[in-house]
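Here are some exercises to work through with the model open beside you. Try each task yourself before you read its solution.

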Protein chains: 2
Amino acid sequence: MVVNTQIIFSKVPTGYPVIGQDITVKKSEFDLDAPLKDGEFIVKNLVLSVDPYMRGKMRDASIPSYTPAYELNEPITGDTMRLVIKSKSSLYPEQSYVYSIGSFEEYTKLNEQEAKANGVVVRNDPKTTGIPISNYVGVLGMPGLTAYVGLYKIGEIKRGETIYISAAAGAVGQVAGQIAKAQGLRVVGSAGSDEKVAYLKEIGFDGAFNYKTQDIHDQLTELCPKGIDVYFENVGGKMLEIVLNHLNTFGRIIACGMVSQYNLTKPEKVGNLLNIVSKRIKFQGFIVYDYADLEPQFLADVTQMILDKKIKYRETHAEGIEKTPEALLDVLHGRNFGKQVVDVASV
Amino acid sequence: MVVNTQIIFSKVPTGYPVIGQDITVKKSEFDLDAPLKDGEFIVKNLVLSVDPYMRGKMRDASIPSYTPAYELNEPITGDTMRLVIKSKSSLYPEQSYVYSIGSFEEYTKLNEQEAKANGVVVRNDPKTTGIPISNYVGVLGMPGLTAYVGLYKIGEIKRGETIYISAAAGAVGQVAGQIAKAQGLRVVGSAGSDEKVAYLKEIGFDGAFNYKTQDIHDQLTELCPKGIDVYFENVGGKMLEIVLNHLNTFGRIIACGMVSQYNLTKPEKVGNLLNIVSKRIKFQGFIVYDYADLEPQFLADVTQMILDKKIKYRETHAEGIEKTPEALLDVLHGRNFGKQVVDVASV
């Protein structure tokens, strides 16, 4: 028997989740030595991804959304890289890395059928690329693919255009900015601290500003002198309202997220929507899972960019699965710097 | 010499335009007998189209927009059907009807080059179709093409889907509804009087309600039991906010206009935008002139539908060009019923 620490969804939060009340840490036992049936295998969690969308799943299950609500009193789920430590499955042999959405717990027993159905894929790439495993839930995982899909499928980016990215130092924003830069766009971003702004300039953003201490309208006027062609929207609210006035004719808004709104009991209303008609703007939401067919191309492109040092990727590591609730709160408050991950175990 | 009555843009309005102050009627003289140079021709206005977008042109010229501001102390412009009454142009021979955006005045002298550059086209179709000339600035003019482009290019309508149309008894809405119905969609509309609602049902809408006297949310719940796949957005503001909650996953908003906002000194802010992300909604503005290449197909399709009595088109006729300012105010207040036109002269 080993201890199996789990991160449990205990109560629907009002506003920001409260640790110890809405999200709790539970210790139970896991029998590593229990015999496996054919097709069964045991995975050990190596690294977890903590992302803003998770707040949307911490809701009453009766409220419909694109993604099912978390089940009360069960572990929350999110992107994971896990190691197969015991296996009676030929699809998922021992010592394979597997990538998928998974339960936030140290050990999980799976069977082949449900694993396949739930998109658990063997991803042994780190063994040959030498890229850190944590990158596979970030720049090479769902956040990276989100940036890639957003830019190409929704934003329809073109060389010479100007893109503005909010939450630009976050898990998605930093990848989006660097891909756009490599594609020949002018790239401007905002973030919530001077340290993050300095980082954005360091990784090649043409302009960056601190939206908490600087005037957003003035900064966009100065940094996007030809207006904004594409807005990578991660925050919503007041930011969106201001950006609408800076978008060019035929501008596109990649509606990726609105993190400023997730913890408000009453989301903000947004002005300046008349721009959508008068400037023929396309404002489009998307979910990365609708574009799974792009994943192989994305992995090939972005892996090569990382190996060529054309993409840098900042991560914040929380150490130990017990730190997951704090890490989630950090992300919802924007206190993380770069992609927030939780290191659960080493190989 | 004949009298040439003109409708002049005299002052930038605050809120609704004031007749006699912001829009005025001017009488001047026009010399029908002055000799024409080669390529010149004189047109007599037959019918004018009065549309909500015209309010957007009554602004200070220093404010940029997709459409130039009207020039102060010059005639306002809009869609017209005009008759060539004298001509030294082989492109625009005498007794041709011409369709284009034109000055709101009884007589205009044009030359071939500027007429071609400004999209003045010979449209003698009424001579063979027997369709009333006024239809050529409405169901067969810019409003009809707007409905057509909106449905096919922005709305991507599909058989079996539900479309909801605001301002459904207006110039664009009634065409959009009937085309969508012919394409096998469930069609629901709203309008601002019981008489208009009765008309919508008469022309084949599956459901219709009076947004001034009935609860919008309740009506949409009842009349769109499977949710809304496509919203043909003509009004903006509160209506848009409510519709966002009724849109289905992958819903589309055809952002055609926001007439409820045009005369507000401070446009309303809109809530519920989080739906755009969570439901992967596409909210897209467009201007009909970007799709001029669709016009031949549109004319062929919709002319046939009219001849086959598959489209009815309600018009409100103001008699005499002097009535144009009142007609515009009626449109901005939603007092018109169907397409508002002004009969200037008979053939």
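**Exercise 1. Find the buried residues of helix 7 (residues 216-223) of chain A, and work out how they are arranged around the axis.**

Keep in mind that this is a predicted model. Start with the list: Ile216(A), Gln219(A), Leu220(A) and Leu223(A) are the buried residues of this helix. Next, look down the axis. These residues sit on the same side of helix 7 of chain A, because the arc they cover is only 95 degrees. The spacing rule helps here: an α-helix has 3.6 residues a turn, so residues three or four places apart point the same way.

Now see what lies over them. The cover includes strand 8, strand 9 (186-191), strand 10 (207-210), strand 11 and helix 8 (237-246) of chain A. Finally, check the N-terminal end of helix 7 of chain A, which is capped by Asp215(A). A side-chain oxygen of Asp215(A) is 3.2 Å from the backbone nitrogen of His217(A).

**Exercise 2. Decide how enclosed helix 8 of chain A is.**

Go through the helix and pick out its buried residues: Gly237(A), Met239(A), Leu240(A), Glu241(A), Ile242(A), Val243(A), Leu244(A) and His246(A). Then set that against the length of the helix. Eight of its 10 residues are buried, so helix 8 of chain A is largely enclosed by the rest of the structure.

**Exercise 3. Describe the aromatic pair of Tyr164(A) and Tyr231(A), then that of Tyr148(B) and Tyr152(B).**

Over all chains there are 17 aromatic pairs. In the pair of Tyr164(A) and Tyr231(A), the ring centres are 5.4 Å apart and the planes differ by 10 degrees. Planes under 30 degrees apart count as stacked, so this pair is stacked. Place the two residues next: Tyr164(A) belongs to strand 8 (residues 162-165) and Tyr231(A) to strand 11 (residues 228-233) of chain A, so the pair links parts of the chain 67 residues apart. Tyr164(A) is buried at 0% relative accessible area, and Tyr231(A) is buried at 0% as well.

Turn to Tyr148(B) and Tyr152(B), an edge-to-face pair with 5.0 Å centre to centre and 65 degrees between the planes. Both are in helix 4 (residues 142-154) of chain B, four residues apart, about one turn of the helix. Tyr148(B) counts as buried at 6% relative accessibility, while Tyr152(B), at 31%, is partly exposed.

**Exercise 4. Where does Asp22(B) lie, and what is around it?**

Locate the residue: Asp22(B) is in the loop between strand 1 (2-9) and strand 2 (23-30) of chain B. Then check its accessibility, which is 1%, so Asp22(B) counts as buried. Look for a polar partner too: a polar atom of the Asp22(B) side chain is 2.7 Å from the backbone nitrogen of Val18(B). Beyond its neighbours within four places in sequence, Asp22(B) has contacts including Ile8(B), Phe9(B), Tyr16(B) and Met58(B).

**Exercise 5. How much area do chain A and chain B bury between them, and which residues of chain A lose the most?**

Count the contacts to begin with: 29 residues of chain A touch 29 residues of chain B. The two chains bury about 2,400 Å² between them, with 67% of it on carbon and sulfur atoms. On the chain A side, Lys269(A), Val277(A) and Arg280(A) lose the most area to chain B, together 24% of what that side buries.

Technical notes: Residues numbered from 1 in each chain as written. Chains lettered and ligands numbered in written order. Predicted model: local features only at pLDDT ≥ 70, side-chain atom pairs only at ≥ 80, totals over all residues. Heavy atoms only, no water. Buried < 20%, exposed > 50% of the residue type's maximum accessible area, 1.4 Å probe, protein only. Polar contact = N/O pair within 3.5 Å; in protein donor to acceptor, adjacent residues only side chain to side chain. Contact = heavy atoms within 4.5 Å. Phe/Tyr/Trp six-rings, centres within 6.5 Å; stacked < 30°, edge-to-face > 60°. Arc of directions from axis to C-beta. Buried area = accessible area lost by both parts, 1.4 Å probe.
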